[in-house]
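Me: I have a protein chain open on my screen, and I would like to learn how to read its strands and its core. Could you take me through them slowly?

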Amino acid sequence: MKFSKLVRSGLLGIIVVSLLVVWSPGFAQAKTVEFQIVLGEWSWKAKPGEAGVPGLDGKEVRKIEHYVFDPGFIVVNKGDDVVLHLHDVKGSKHQIEIKAFGVPELLIKRGEVKTVKFKANKAGTFEIICKNHVDAKKEGPMIGYIHVLGR
Ligand SMILES: [Cu+2]
């Protein structure tokens with residue numbers, strides 16, 4: 001096919017636009033991204049003779065425990081299929097929920113590994129929470145963040 005015929009047929013325009021879309025900055029092919037996330041705990045305990053610290057009610061506490069996701073912040077691209085393998089290493093049970101992506105509450109018990117999958121179909125920063133450790137009274141907040149890059 002001659003170049004002039006290619007231009008007239010509109011095929012050249014389609015090819016050029018397609019290449020611009022693929023090469024444009026910020027264009028990212030959707031892909032599957034996997035993360036291993038440990039459900040663990042930070043803790044502090046006063047040593048013998050060491051002073052305690054004020055607790056939530058103002059009374060001295062000698063031990064503080066706080067459940068965490070590790071890593072607690074992950075970054076993906078909009079459109080990615082996200083797979084999270086959640087390992088309960090510490091804590092008898094966690095009730096995980098990722099509301100923004102419709103992941104229903106999931107019970108994970110100590111020693112278990114459970115997998116959740118979802119499509120990161122919107123950009124922004126979203127929470128992954130444990131409903132069993134919601135605040136300081138419940139040794140939380142146990143919360144992580146999923147940052148989805150995109151427009
Ligand atoms: Cu938890």
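Reply: What follows is a short conversation about the sheet, the strands and the core of this chain. This is a predicted model, in which local features need pLDDT of at least 70 and side-chain atom pairs count only at pLDDT 80 or more, while totals for chains, interfaces and linings use all residues. Residues are numbered from 1 along each chain as its sequence is written.

Me: How many helices and strands are there in the chain?

Reply: Helices (H or I, at least four residues) and strands (E, at least two) are DSSP runs, numbered from the N terminus. In this chain there are two helices and 11 strands, and the order from the N terminus on is α-α-β-β-β-β-β-β-β-β-β-β-β.

Me: In what order do the five strands of the open sheet lie?

Reply: In general, strands of a sheet pair through backbone hydrogen bonds, either parallel or antiparallel. Two strands are said to pair if DSSP finds at least two bridges between them. Here five strands form an open sheet in the order 5-11-10-7-8, with mixed pairing. Strand 5 (73–77) and strand 8 (103–109) are the edge strands, each pairing on one side only. On average, neighbouring strands of this sheet are turned by 20 degrees against each other, direction ignored, where the axes are lines fitted to C-alpha atoms, for helices over the stretch in contact, and angles run from 0 to 180 degrees between N-to-C directions.

Me: Which strands of this sheet pair in the parallel sense, and which in the antiparallel sense?

Reply: Strand 5 and strand 11 pair in the parallel sense over five bridges, and Phe73 has Tyr145 in strand 11 as its bridge partner. Strand 10 (residues 124–130) pairs with strand 11 in the antiparallel sense over six bridges, and there Thr125 has His147 as its bridge partner. Strand 7 (residues 93–98) and strand 8 are also antiparallel, over five bridges, with Ile108 in strand 8 as the partner of His94.

Me: Which side chains of strand 11 are buried?

Reply: In a regular strand the side chains alternate between the two faces of the sheet. A residue is buried if 20 or more other C-beta atoms lie within 10 Å of its own, exposed if 12 or fewer, and partly exposed in between, with C-beta atoms placed from the backbone. Along strand 11, Gly144, Ile146 and Val148 point to one face and are buried, whereas Ile143, Tyr145, His147 and Leu149 point to the other and are not. Tyr145 counts as partly exposed because it has 14 C-beta neighbours inside 10 Å.

Me: What is Tyr145 in contact with, beyond its neighbours within four places in sequence?

Reply: Two residues are in contact if their C-beta atoms, placed from the backbone, lie within 7 Å. By that rule Tyr145 is in contact with Gly72, Phe73, Thr125 and Glu127, leaving aside its neighbours within four places in sequence. Gly72 and Tyr145 are 73 residues apart in sequence, yet 6.1 Å apart in space, C-alpha to C-alpha.

Me: Which residues touch the most other members of the largest nonpolar core?

Reply: A nonpolar core is a set of buried Ala, Val, Leu, Ile, Met, Phe, Trp, Tyr and Cys residues joined through C-beta atoms within 7 Å. The largest one has 18 residues, of which Ile128 and Met142 touch the most other members. Strand 4 (63–70), strand 6, strand 7, strand 10 and strand 11 each give two or more residues to this core. Not counting residues up to four places away in sequence, Ile128 touches Phe69, Ile96, Ile98, Gly144 and Ile146.
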